[in-house]
Amino acid sequence: MAAFEAESQATSGGAEEIEVSRPGSEASRYLPLGYLALSLLLSYGVIGLVVWSLGLDVTGFFKDMFLYPLTTQSGLSTMLRRISPILLSSLTLAFAFRIGFWNVGSPGQLMVGMIAGTWVAIHLQGLPWFLHVGLTLTTGFGAGALLGLILAYAKFHFGVNEVLLSLLLNFVSQYSVTALLYGPMQGRPLLPYTAPILPSAELPRFFGRVHVGVLLAITLVLITVAVIRYTRFGYMMRVMGSSMAAARAAGIDVVRVGTIAVCVSAGFSGLAGVMEVTGVYGYGFDTIVQGIGFYGMISAFIAFGRLGYLIPAAVITSMVLSTGELVKAYSKVLPSQTPQLLLGLIAFGLLLTTALGQRASR
Amino acid sequence: MATSSVIELREITKRFPGIVANDHISFDVRRGEIHALLGENGAGKSTLMKILFGIYQPDAGEIRIQGAPVVLKSPADAIRHGIGMVHQELMLIPEFTALENIILGAEPAWGAVFVDTSRARRRIAELSRRYGLTVNIDARIKDLSVGERQRIEILKTLFRDADVIIFDEPTSSIGPQDKARLLKLVRALADDGRAVVPFITHKLPEVFEICDRVTVLRNGHVEGVYARADLSPEQLTRAMFGAVLGSASQPSTRGRDAILTVTDVTLGGPGGKQTLNGVSFDVKRGEILGIAGVSGNGQVELGEALLGLRRADRGTIVFDGEDVTACGPAEMLARGYAHIFEDRAMNAVGDLSLRDNVALSFYSSPRFTKAGLLLDYAKIAETCAGIVEGYNVKYGHATDEMRTLSGGNQQKLILGRILATFPMLICAHNPTKGLDLASCHFIYDRLSRYIESGNSVILVSEDLDELLGICGRIAVMYEGRMTGIRDAASATKEEIGGLMTGDFPVSRGRG
């Protein structure tokens with residue numbers, strides 16, 4: 001979102017006459033955190049108001065809301081499991097956005113990665129686990145990346161709008177995968193479930209049900225941060241993200257860099273998809289990644305599109321969504337979609353506080 | 001002077017973090033006068049102008065219009081009070097016609113919903129006639145020349161009955177014919193009772209020609225206010241900078257063999273128009289070749305073709321003895337060619353830091369790569385520090401964003417990073433456009449010295465003084481062709497000006 005802010009604060013035409021018109025980057029770097037805190041306050045406040053008006057115990061509710069995902073076994077493991085796909089999905093958006101590319105095809109890339117990786121997980125027999133796991137994950141990543149290749153080719157060779165294309169490919173992917181799940185990949189009669197994966201393809205677990213995919217996701221985020229900050233490739237990406245024209249004029253091969261970046265970003269989602277199978281459920285089905293792509297986008301938004309904020313943002317998103325059990329206890333009066341409502345309020349609150357903040361600083 | 005002052009600024013002060021842009025500036029403009037505001041970039045000119053136009057609010061001081069104090073919260077307020085502004089970067093909508101642009105925001109209504117275009121046309125026709133502003137109001141902006149666009153901007157302000165018209169660097173992007181018309185127009189506007197305030201950084205001769213008074217700004221405060229009768233160029237320069245600057249010397253035109261040979265390069269434009277129509281010329285080693293021409297005659301396309309951003313449909317480009325017609329930017333840069341675009345957004349990235357901008361020249365160099373993958377940011381920081389030092393760039397921190405620098409400093413940094421790669425040929429397109437005098441001279445100086453080691457420069461410019469000042473030969477572009485090449489030493493402005501507009505002069509060497 002740093003880029004969004006920069007765009008909307010574009011100063012008036014004559015670039016020659018720019019005086020020092022903004023505070024140094026130090027002060028404005030922490031401003032987004034302020035906005036986030038404010039919007040969290042507002043959103044929880046609204047929910048609190050609703051709870052109070054329904055005659056429920058507000059302090060008890062909030063205590064439970066925060067403690068449940070952090071202290072109970074089920075809450076904690078749900079939260080940790082959720083972090084992995086949300087984090088990778090948000091990484092898809094944020095990484096591609098570094099070059100100004102809107103990859104909103106995470107849901108579709110998740111599905112494709114899931115089905116491809118699951119095939120490998122089911123059918124490749126007799127492999128030692130690290131090889132099998134490695135191949136499964138790589139296949140998932142690769143399938144997502146292939147979808148990314150389509151996006152990149154269409155954008156860089158035909159100028160196709162990537163928002164439309166990636167968005168619509170979500171549907172194409174979803175229905176294709178569902179067709180496969182009722183077809184050759186069907187492992188159970190009448191249901192769109194695959195056969196169970198082989199034990200050698202399962203991701204190792206810890207803390208009970210939490211799989212190592214979480215660690216992999218976190219590591220990947222850190223690696224991408226390092227790539228953007230320290231490598232030549234990352235530099236080229238940053239230039240492209242700020243000014244495609246200047247990048248071309250400086251001799252950057254925007255097609256090559258762009259294609260790689262988009263494919264990798266899509267691969268992240270593919271990886272997330274297959275990890276849901278090998279780390280959580282043990283088999284693939286059509287609603288396995290329901291909503292994950294969407295939550296990933298919100299998480300990226302909460303992180304202001306900054307790679308460095310993705311992990312905390314995913315934690316926040318996960319926390320909000322992991323109050324499911326809790327809400328059930330209040331289910332007589334609160335709808336079961338309350339966590340999603342809260343997430344939406346946070347996102348809206350962010351838009352509001354950021355917009356007002358920008359207005360005030362003029 | 002309150003009675004005849006249309007606008008009075010009293011003790012205007014505006015601060016930004018770390019800098020006082022306007023320091024108790026007092027300035028007044030009388031009815032019917034042409035009062036120029038001179039000052040380097042960074043002297044506070046543009047801040048003052050933005051305050052006058054309601055874009056900024058002053059921290060202290062007041063603005064009085066017709067004697068009454070006003071607060072201008074936005075350009076709309078300023079326009080309502082009769083202040084009009086003709087911007088340097090013309091703010092017109094390319095896809096709309098001239099008429100639509102002129103009445104934008106002030107459409108005469110027909111009933112509650114419709115626009116009364118016939119009333120608008122009548123009024124515009126009347127204004128055009130009165131001031132000799134001939135322009136086809138049904139043409140789309142994108143099809144009009146820079147001079148015509150400027151006239152439309154002027155009509156915009158007149159359409160809203162502006163009493164005071166502010167011009168931001170009015171003569172920096174137009175050719176000599178348009179310039180002459182503009183000066184006549186400004187005089188006519190003033191004679192008609194309006195006030196005109198041109199904001200200028202250089203082009204001192206024009207200042208003398210038409211202004212009644214001149215206010216000089218330096219470092220955020222008013223250095224002096226002069227009446228025309230009391231003016232001399234030396235005095236003005238001294239007021240602006242505290243010293244008289246020498247002009248750049250002319251290099252010898254004795255060239256050797258050619259570093260660049262362009263033959264019959266043709267490039268189609270949108271809609272089948274030939275933007276480059278058989279361009280042929282060469283650049284000798286060790287020379288500065290000027291390319292004169294009013295903007296829009298193929299200069300930008302020529303630059304793109306030379307750098308390799310676009311490929312010529314026909315013709316060849318030979319650089320340093322090799323055919324590079326099919327090469328892209330990365331290759332051309334590697335071969336020792338460098339390009340400074342007119343559009344600064346192509347040479348620098350405003351959102352990135354100074355260091356990251358310097359890295360634009362070095363990111364692909366093995367010397368700046370660590371372990372094959374990582375960019376050696378430490379070395380880049382060093383290089384940046386060296387450039388900033390050697391090119392006298394004024395900045396805050398090396399990690400600040402590029403756009404926090406003033407135009408002159410941005411351009412110096414760009415020139416520095418490009419020269420630091422020691423290209424054999426640099427093509428610079430309007431490198432001094434909109435810059436203050438000191439930065440201009442700095443750039444001329446650097447370019448002149450650069451060719452001493454056998455390198456070459458192509459200087460594409462609309463400023464004839466500039467071209468005649470430092471180039472050895474001057475080629476002229478008109479409608480995508482080279483209409484002539486002259487020796488700078490013997491060429492006259494009339495001759496070059498004629499070639500620029502497609503007239504072919506019969507005589508040569510006349511004073």
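## Strands 18 and 21 of chain B

In this predicted model, B:Ala338 has B:Ile426 of strand 21 of chain B as its bridge partner. Strand 21 covers residues 425-429 of chain B, and its pairing with strand 18 of chain B is parallel, over 4 bridges.

Helix 14 of chain B, residues 407-419, lies across strand 18 and strand 21 of chain B. The direction of helix 14 is at about 175° to that of strand 18 of chain B.

## The sheet around them

Both strands belong to an open sheet of 6 strands in chain B, with the order 18-21-22-15-23-24 and mixed pairing. At the edges are strand 18 (337-340) and strand 24 (481-487) of chain B, each of which pairs on one side only. On average, neighbouring strands of this sheet are turned by 20° against each other, direction ignored.

Helix 17 of chain B, residues 493-500, also packs on the sheet. Helix 17 touches strand 15 (288-292), strand 23 (473-478) and strand 24 of chain B, and its direction makes about 30° with that of strand 23 of chain B.

## Two helices in chain A

In chain A, helix 5 (residues 73-97) and helix 13 (residues 292-302) pack at an angle of about 65°, and their axes are 7 Å apart. The crossing of helix 5 and helix 13 of chain A is right-handed.

From helix 5 of chain A, the contact residues are A:Pro85, A:Ile86, A:Ser89, A:Ser90 and A:Leu93. Among the residues they meet in helix 13 of chain A are A:Ile292, A:Tyr295 and A:Met297. The residues of this contact divide into 7 nonpolar, 5 polar and no charged.

## Aromatic pairs

Over all chains, the count of aromatic pairs comes to 16. One of them joins A:Phe141 and A:Phe268 edge-to-face, at 6.0 Å centre to centre with 80° between the planes. A:Phe141 lies in helix 7 (residues 129-158) and A:Phe268 in helix 12 (residues 254-281) of chain A, so the pair ties together parts that are 127 residues apart in sequence. A:Phe141 counts as partly exposed because its relative accessibility is 25%, whereas A:Phe268, at 4%, counts as buried.

B:Phe319 and B:Tyr337 also form an edge-to-face pair, 6.0 Å centre to centre and with 85° between the planes. B:Phe319 is in strand 16 (residues 314-319) and B:Tyr337 in strand 18 of chain B, so this pair ties together parts that are 18 residues apart in sequence. Buried means under 20% relative accessible area. B:Phe319 therefore counts as buried at 1% relative accessibility, and B:Tyr337 counts as buried at 2%.

Back in chain A, one aromatic cluster is formed by A:Tyr193, A:Tyr281, A:Tyr283 and A:Phe285.

How values were computed:
Residues are numbered from 1 along each chain as its sequence is written. Chains are lettered from A and ligands numbered from 1 in the order in which they are written. This is a predicted model: local features need pLDDT of at least 70, side-chain atom pairs count only at pLDDT 80 or more; totals for chains, interfaces and linings use all residues. Side-chain values use heavy atoms; hydrogens and water are left out. Axes are lines fitted to C-alpha atoms, for helices over the stretch in contact, and angles run from 0 to 180 degrees between N-to-C directions. A crossing is left-handed if the near helix is turned anticlockwise from the far one by less than a right angle, and right-handed if clockwise. Contact means heavy atoms within 4.5 Å. Ala, Val, Leu, Ile, Met, Phe, Trp, Tyr, Cys and Pro count as nonpolar, Asp, Glu, Lys and Arg as charged, and the others, Gly among them, as polar. Two strands pair if DSSP finds at least two bridges between them. Rings of Phe, Tyr and Trp (its six-membered ring) pair if their centres lie within 6.5 Å; planes under 30 degrees apart count as stacked, over 60 as edge-to-face and the rest as tilted. Buried means under 20% relative accessible area, exposed over 50%, partly exposed in between (1.4 Å probe, protein chains only).
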